[in-house]
Amino acid sequence: MLHRIKHLAVLAMAATLALTGCAAQQSANAPVKAVYHINDSSNATAALRNIQNHLNADPQAKITVVTHGNGIDFLLDGATDKNGNPYNIPVEELMAKGVDFRVCNNTLTSRKIDKSKVLPGAKIVPSGVAELAKLQAQEGYVYVKP
């Protein structure tokens, strides 16, 4: 009888390990989810380049960009970099690849910027910092600060 109980315990342990291995394998095959945090548009050109490099290395990655404070500026209509190049072109190219851009409504309100000034396709969220926390805590995103 004792031998049979030990045998059943070994089988139960093997089943548990197999299920754990399947879960790990399944999560290993799931796309990486990364949230890029931009709170200063002077870093936007480098951040957009980082995101493109990320997608070049991992085309299946799910990338969300959350902006607040001065970080929203590159997502406003007519915004250009220090060389006069418009931001909307690389942003739209990344959007076409599935990158999601989110803009803090608290920033828009405090800076008295009309929502219509935000580039089409960018989503306005109630709070940029709350969005960062939600994506990390509830949706399994890893945090990237370019």
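Helix α5, residues 128-137, lies across all five strands β1, β2, β3, β4 and β5 of this predicted model, and its direction makes an angle of about 155 degrees with that of β2. One residue of this helix is worth a stop: E131 sits in α5. Is E131 buried or exposed? With a relative accessibility of 7%, E131 falls under the 20% limit and therefore counts as buried. Beyond its neighbours within four places in sequence, E131 is in contact with V66, R102 and V125.

**The sheet under the helix**

Let us turn to the strands themselves. They form an open sheet of 5 strands, in the order β4-β3-β2-β1-β5, with parallel pairing. Which strands stand at the edges? They are β4 (123-125) and β5 (142-144); each has a single partner strand, so one side of each has no neighbour in the sheet. From one strand to the next, the twist averages 30 degrees.

Further in, β2 and β3 pair in the parallel sense, with 4 bridges between them. T67, for example, has V103 in β3 as its bridge partner.

Strand β3 also deserves a look for how well it is covered: 5 of its 5 residues are buried. In a regular strand, side chains alternate between the two faces of the sheet. For β3, D100, R102 and C104 are on one side, F101 and V103 are on the other, and all of them are buried.

**The whole chain**

Stepping back, the chain holds 5 helices and 5 strands. Starting at the N terminus, the elements follow the order α-β-α-β-α-β-α-β-α-β. Of the 146 residues in the chain, 34% are buried. Contacts often reach far along the sequence: among those between residues at least 6 apart, 71% join residues at least 24 apart.

How sure is the predictor? The average pLDDT of the chain is 88, and 81% of the residues score at least 70. Residues 2-26 call for some care, as their pLDDT stays under 50. For that stretch the model has 0 contacts beyond four places in sequence.

**The nonpolar cores**

How many residues does the largest nonpolar core have? It has 27 residues, and I51, F74, V99 and F101 are those with the most contacts inside it. At least two residues of this core come from each of β1 (33-40), α2 (44-57), β2 (62-70), α3 (88-96) and β3 (100-104). Helix α2 gives the most to this core, with 5 residues. Apart from this core lies another, made of 5 residues, including V35, L132, L135 and Y141.

**F74 and its ring partners**

F74 makes a good place to start exploring the larger group, since at 0% relative accessibility F74 counts as buried. Not counting residues up to four places away in sequence, F74 touches I38, S41, A44, L48, T67, A79, Y87, V91, F101 and L119.

Two residues on that list, Y87 and F101, bring us to the rings. How many aromatic pairs does a search of the whole structure find? The search finds 2 aromatic pairs, set out here.

| Pair | Distance between ring centres | Angle between ring planes | Arrangement |
|---|---|---|---|
| F74 and Y87 | 5.6 Å | 70 degrees | edge-to-face |
| F74 and F101 | 6.4 Å | 70 degrees | edge-to-face |

Why do these pairs count as edge-to-face? Their planes stand at 70 degrees in each case, which is over the limit of 60 degrees, so both are edge-to-face.

What do the pairs tie together? F74 and Y87 both lie in the loop between β2 and α3, so their pair ties together parts that are 13 residues apart in sequence. F101 belongs to strand β3 while F74 lies in that loop, so the pair of F74 and F101 ties together parts that are 27 residues apart in sequence.

Taken as a group, F74, Y87 and F101 form one aromatic cluster. Both F74 and Y87 are buried, and F101 is buried too, with a relative accessible area of 0%. F74 and F101 are also among the residues with the most contacts inside the 27-residue core.

Technical notes:
Residues are numbered from 1 along each chain as its sequence is written. This is a predicted model: local features need pLDDT of at least 70, side-chain atom pairs count only at pLDDT 80 or more; totals for chains, interfaces and linings use all residues. Side-chain values use heavy atoms; hydrogens and water are left out. A nonpolar core is a set of buried Ala, Val, Leu, Ile, Met, Phe, Trp, Tyr and Cys residues joined through side-chain atoms within 4.5 Å. Buried means under 20% relative accessible area, exposed over 50%, partly exposed in between (1.4 Å probe, protein chains only). Contact means heavy atoms within 4.5 Å. Two strands pair if DSSP finds at least two bridges between them. Axes are lines fitted to C-alpha atoms, for helices over the stretch in contact, and angles run from 0 to 180 degrees between N-to-C directions. pLDDT is the predictor's confidence in each residue, from 0 to 100. Rings of Phe, Tyr and Trp (its six-membered ring) pair if their centres lie within 6.5 Å; planes under 30 degrees apart count as stacked, over 60 as edge-to-face and the rest as tilted.
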